[in-house]
Amino acid sequence: NNSGCNVTVVPYDTSFEEIEFMRPDGVFVSNGPGDPNTATTVTETVKKLIGKYPIFGIGMGHQIISLAYGAKMKVGHRGGYPVRNLSTGKIECTSQNHGYVVNEESLKNTPLDVTHINVLDGSVEGVSCMKDKVFSVQYNPESAPGPQDSNYLFGQFISIIKEAQDNA
């Protein structure tokens with residue numbers, strides 16, 4: 001990769017203690033198949049990681065992070081959707097394939113802020129808790145194939161990691 005990052009990929013069931021032993025600069029919670037409501041092992045690990053490391057999640061990783069903060073899920077959607085970045089107002093073309101989305105009503109009892117919304121149906125497409133250095137998006141911001149409107153998210157994650165290191 002051209003980000004200058006060293007990446008260690010671990011299985012979904014890697015324990016909090018194993019991750020701590022690796023002393024990561026940040027944790028990326030990737031996309032994956034399945035029902036996030038049944039991924040309790042990963043959700044419990046993410047709960048323990050929150051506040052200790054910068055965390056960025058995409059797709060199911062976004063759902064896991066949201067569940068770790070206490071949010072709930074509802075039925076999702078598949079295909080290409082326009083998403084509004086609430087901080088810039090910019091519309092991003094996104095690629096999506098998920099059976100679940102975060103229930104916006106359930107975010108009221110969490111410290112998560114909505115950062116991105118689906119232009120067509122108003123569903124939650126991104127959340128953050130900058131106090132904990134955590135953010136995530138529902139869609140797939142990977143650079144290829146498809147739209148590249150959301151590549152900035154990876155740079156944002158690297159910036160948060162560097163800031164955390166400078167403040168350590």
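1. A helix here is a DSSP run of H or I at least four residues long, and helices are numbered from the N terminus. With that in hand, a good place to start is helix α2, where Lys-47 and Glu-44 both lie, 3 residues apart, or about one turn of the helix. These two residues form a salt bridge, with 3.1 Å between the closest N and O atoms. Lys-47 is partly exposed because its relative accessible area is 40%, and Glu-44, at 39%, counts as partly exposed too. Please keep in mind as you read that this is a predicted model.

2. Next, take a look at the sheet. Its 7 strands are arranged in the order β1-β2-β9-β8-β7-β4-β5, and the sheet is open, with mixed pairing. Which strands stand at the edges? They are β1 (27–29) and β5 (91–97); each has a single partner strand, so one side of each is left without a neighbour in the sheet. On average, neighbouring strands of this sheet are turned by 25° against each other, direction ignored. As general background, the strands of a sheet pair through backbone hydrogen bonds, in either a parallel or an antiparallel way.

3. Strand β9 is a helpful one to follow, as both senses of pairing meet there. With β2, strand β9 (residues 134–137) pairs in the parallel sense over 4 bridges. Along this pairing, Ile-55 stands opposite Val-134, and Ile-58 has Val-137 as its bridge partner. With β8, strand β9 runs antiparallel, and 4 bridges join the two. Val-134 appears here again, this time with Cys-129 opposite.

4. What covers the faces of β9, and are its residues buried or exposed? Both faces are covered: Val-134 and Ser-136 on one side, and Phe-135 and Val-137 on the other, are all buried. This fits the general rule that side chains in a regular strand alternate between the two faces of the sheet.

5. Two helices deserve a look alongside the sheet. Helix α3 (residues 60–68) packs on the sheet and touches β1, β2, β8 and β9, its direction making about 125° with that of β2. Helix α4 (residues 152–166) lies across β1, β2, β4 (78–85), β5, β7 and β9, and runs at about 170° to β9.

6. Gly-57 makes a good viewpoint inside the sheet. This residue belongs to strand β2 (residues 55–58), and it counts as buried because its relative accessibility is 0%. Beyond its neighbours within four places in sequence, Gly-57 is in contact with Val-29, His-62, Ile-65, Phe-135, Ser-136 and Val-137. You can also find Val-127 from here: it is 70 residues from Gly-57 along the chain, and the two C-alpha atoms are separated by 9.7 Å.

7. The hairpin of β8 and β9 has 4 residues between its strands, and Lys-133 takes a positive phi near 60° there. A salt bridge joins the side chains of Lys-131 and Asp-132, at 3.2 Å from N to O. Are these two residues buried or exposed? Lys-131, at 67% relative accessibility, counts as exposed, whereas Asp-132 counts as buried, its value being 12%. The cut-off behind that last call is that buried means under 20% relative accessible area.

8. How many salt bridges does the structure hold? There are 4. Besides those described above, one of them joins the side chains of Lys-52 and Glu-20, at 4.0 Å from N to O. Lys-52 sits in the loop between α2 (40–49) and β2, while Glu-20 is in helix α1 (residues 16–22), so the pair ties together parts that are 32 residues apart in sequence. Lys-52 counts as partly exposed at 48% relative accessibility, and so does Glu-20 at 28%.

9. Finally, turn to the outside of the model. Ile-91, Val-119 and Leu-120 form a nonpolar patch on the surface, and together they have about 260 Å² of accessible area. Where does Leu-120 lie? This residue is in the loop between β7 (113–118) and β8 (124–129). Leu-120 counts as exposed because its relative accessibility is 59%.

Definitions and conventions
Residues numbered from 1 in each chain as written. Predicted model: local features only at pLDDT ≥ 70, side-chain atom pairs only at ≥ 80, totals over all residues. Heavy atoms only, no water. Buried < 20%, exposed > 50% of the residue type's maximum accessible area, 1.4 Å probe, protein only. Contact = heavy atoms within 4.5 Å. Patch = residues over 30% accessible without salt bridge, like charges linked within 9 Å, V, L, I, M, F, W, Y side chains within 5 Å. Areas by Shrake-Rupley, 256 points an atom, 1.4 Å probe, with all protein chains shown as cover. Pairing = 2+ DSSP bridges. Axes fitted to C-alpha atoms, helices over the stretch in contact; angles between N-to-C directions.
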